[in-house]
Amino acid sequence: MKSVHIGICGLGTVGSGTLNLLQRNAQLINPRANCEIIVSQVGARRDNPNCDTSSLQVSRDIFDVAKNPEIDIVVELIGGTTVARDLVMTALENGKHVVTANKALIAEHGMEIFATAEQRNLMVAYEAAVAGGIPIIKGLREGLAGNRVNWLAGIINGTTNFILSEMDSKGREFADVLSEAQQKGYAEADPTFDVEGIDAAHKLVILASLAFAIPLDTQPVFTDGITQLHPQDVAYARELGYAVKHLGIARRTDEGVELRVHPTLVPQSCLIAEVDGVLNGVMVSADAVGTTMFYGPGAGAAPTASSVVADIIDVARAMHSDPQSWVPALGVPTAAIKPCRILDIQEIETSFYMRFSALDKPGVLSNITRIMADASISIEAIIQREQPATEEYVNVIILTSVTRESALDAAVERIEALDTVRDSVTFIRVEHLDQ
Ligand code: HSE
């Protein structure tokens, strides 16, 4: 049996998980890779008590690994985009294949990295970059290769979903749940990446590029996190038969592609509404297969290591075969990736949930419904709770039919200008995910 030598850079949550999995399942992994996978070197600034490196060559300089002539595959698990980019480019320049779990790196520098790898007949594999342990990259790129994808929508940040689920089911405080997510190794080094939707935007860009053969580019993604989400909206949504989930959505329309990340109301009857905790779920709707859902653990040491090791096996098995037979990183050669128009958020069409506080007196609601009618927005449902006589203002909740966001915005502006409405209007996009 041939040997394939790998170097692992980074011994954090995913690095230590990968080392442990390679050690634990070596008997299963080697025949699957059709070679003996040997960890020749580890590059890490510090040790990690969660894994045993006593029998391994450990370098404090990760670039030693990228330049080590013995190594065939560099596994980049350091995170970030600056040093990680230099490391990956150095590895490619030194003729190494690369496996990475780094979604920010792929979303921001993927085009450059993939083009360089192609020119040098090297592979870059990144299954762990999206949805942790779920094989969504392979599922989308290879499993659905015969389809034209219409849209995809996913819960692609485990930390956010964990926080929303715990707040909803146990009434826990945001900061308390976030700190537990950090302890469990779910959260990013900078957890604002999770809760502000940046991590989900990185992953969405990767999925959209695979689905629509468009360039990796984070710039045009509309991104909103969960920090402004009010618990009362989660409760009202539940009353109306919806769950609030933080979704990444990519949709192909006649006018261009929608790319957006934001809290979303989804019907409780929709499978994705049941994805709770650190689990991720990605729905993909395509012309031949219909609507599919990929579901599983989206973060954590072992699930993410599962995807990293799958990539190591793939690369190790394929590296001695003809490069023409390799699956391109984005499903097609980088030259076949073509820019397309990305829609502004004002151009998207969806339903909306609205909440505002209005004076409890005759005629107030009719003024509001008139504004909605003027904007050609049809109201699907409306709730106004009976209030104690001492309360001057009442919460009004409206669910709209599908409308253009620019029309909704114009109506919101007019409603907020009314003397009878206090504070600003809260609105959350609603997706039925049924076509
Ligand atoms: N911080 C990420 C998450 C880790 O919570 O989903 C996996 O990418």
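**Notes on the fold: sheets, loops and contacts**

1. Let's start with a pair of strands: β1 and strand β2 (residues 36–43) run parallel and are joined by seven bridges. Strands here are DSSP E runs of at least two residues, helices are H or I runs of at least four, and both are numbered from the N terminus. Two strands count as paired if DSSP finds at least two bridges between them. One bridge in this pair links isoleucine 8 to valine 42 in β2.

2. Before going on, a word on what you're looking at. This is a predicted model, in which local features need pLDDT of at least 70 and side-chain atom pairs count only at pLDDT 80 or more, while totals for chains, interfaces and linings use all residues. Residues are numbered from 1 along each chain as its sequence is written, and side-chain values use heavy atoms, with hydrogens and water left out.

3. Back to β1, which covers residues 3–9. Six of its seven residues are buried, where buried means under 20% relative accessible area, exposed means over 50%, and partly exposed is in between (1.4 Å probe, protein chains only). β1 also pairs with strand β4 (residues 73–76), again in the parallel sense, over four bridges. Glycine 7 has valine 74 of β4 as its bridge partner.

4. Which sheet do these strands belong to? They sit in an open sheet of six strands, in the order β3-β2-β1-β4-β5-β6, with parallel pairing. The edges are β3 (58–59) and β6 (124–125); each has a single partner strand, so one side of each has no neighbour in the sheet. At the β6 end, strand β5 (residues 97–100) runs parallel to β6 and is joined to it by two bridges, with valine 98 partnering valine 124. As a reminder, strands of a sheet pair through backbone hydrogen bonds, either parallel or antiparallel.

5. Further along the chain, have a look at β17 (residues 421–430), which pairs in parallel with strand β10 (residues 256–267) through two bridges. Leucine 265 meets valine 430 of β17 there. Strand β13 (residues 349–359) pairs with β17 in the antiparallel sense, over seven bridges. Serine 357 and arginine 422 of β17 are bridge partners in that pairing.

6. Two backbone angles deserve a second look. Most residues other than glycine have a negative phi. Aspartate 423, though, has a positive phi, near 60°. Aspartate 423 lies in strand β17 and is exposed, at a relative accessible area of 60%. Serine 376 also has a positive phi, near 60°. Serine 376 is in the loop between α13 (364–374) and β14 (379–384), and its relative accessibility of 65% makes it exposed.

7. Is leucine 330 buried or exposed? With 5% relative accessibility, leucine 330 counts as buried. Leucine 330 is in the loop between α12 (301–318) and β13. Leaving aside neighbours within four places in sequence, its contacts (heavy atoms within 4.5 Å) include Met111, Phe114, Tyr126, Arg141 and Ile337. Leucine 330 and methionine 111 are 219 residues apart along the chain, yet their C-alpha atoms are separated by 9.4 Å.

8. Now for arginine 148, in the loop between α6 (136–143) and β7 (149–155). Which residues does arginine 148 touch, not counting those up to four places away in sequence? They are Arg252, Ala286 and Asp287. Arginine 148 and glycine 79 are 69 residues apart in sequence, and 32 Å apart in space, C-alpha to C-alpha.

9. Finally, the whole chain. It has 14 helices and 17 strands. Its radius of gyration is 24 Å, close to the 22 Å from the globule rule for 435 residues, so the chain is as compact as a globular protein of that length. That radius is taken over C-alpha atoms, and the rule is 2.2 Å times the number of residues to the power 0.38. The C-alpha trace spans about 80 × 45 × 35 Å along its principal axes. Of the 435 residues, 55% count as buried. Among contacts with a separation of 6 or more, 73% come from residues 24 or more positions apart.
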